[in-house]
Amino acid sequence: MKVLLDDPADLVISDWNMPGMTGIELLDKVKSLPDTADMSFVIVTTDTEKKNVIQAVKDGVSGYLIKPFEGPDLAWTLERALKRPLGSGAAAVSAEETDRV
């Protein structure tokens, strides 16, 4: 978090499973701070359970990629995440995106 506060980014890409903190925990921290709340956030995972996609959407994720993925999938997800209006979070993730799981 210190890195994001010291050097803000337009986009965070995080794995769901990381040592010490999950991607959802990082997403919640990013969204909870005024200085980072509007950052686009993409989660990458091997998890295909819809309940986890829904949790990420509720928490304000901008995009969700299932591994393994192809370059066009990454490009499509990043483009969509960066084009979203600031603060749009969960409202901007469509049913189509959750159906891709």
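Two strands count as paired here if DSSP finds at least two bridges between them.

**View 1. The whole sheet, in a predicted model.** Three strands line up in the order β1-β2-β3 to make an open sheet, with parallel pairing. On the outside you'll find β1 (11–15) and β3 (63–66), edge strands that each pair on one side only. Going from one strand to the next, the twist averages 20°.

**View 2. Zooming in on β1 against β2.** These two run parallel, and five bridges tie β1 to β2 (residues 40–45). Want a couple of pairs to click on? Leu11 has Ser40 of β2 as its bridge partner, while Ser14 is partnered with Ile43 in β2.

**View 3. The other side of β2, facing β3.** Here the pairing of β2 and β3 is again in the parallel sense, over four bridges. For a landmark, pick Thr45, which stands opposite Ile66 in β3.

**View 4. Side chains along β2.** In a regular strand, side chains alternate between the two faces of the sheet. In β2, Ser40, Val42 and Val44 point one way, and Phe41, Ile43 and Thr45 point the other way. How many of the six residues of β2 are buried? Six of the six, so the strand is mostly covered, with buried meaning under 20% relative accessible area.

**View 5. Getting from strand to strand.** β1, helix α2 (residues 23–32) and β2 together make a β-α-β unit, and it's right-handed. From β2 the chain then crosses through helix α3 (residues 50–58) to β3, in a β-α-β crossover that is right-handed.

How values were computed: Residues numbered from 1 in each chain as written. Predicted model: local features only at pLDDT ≥ 70, side-chain atom pairs only at ≥ 80, totals over all residues. Heavy atoms only, no water. Axes fitted to C-alpha atoms, helices over the stretch in contact; angles between N-to-C directions. Buried < 20%, exposed > 50% of the residue type's maximum accessible area, 1.4 Å probe, protein only. Right-handed = clockwise from strand over helix to strand, strands pointing away.
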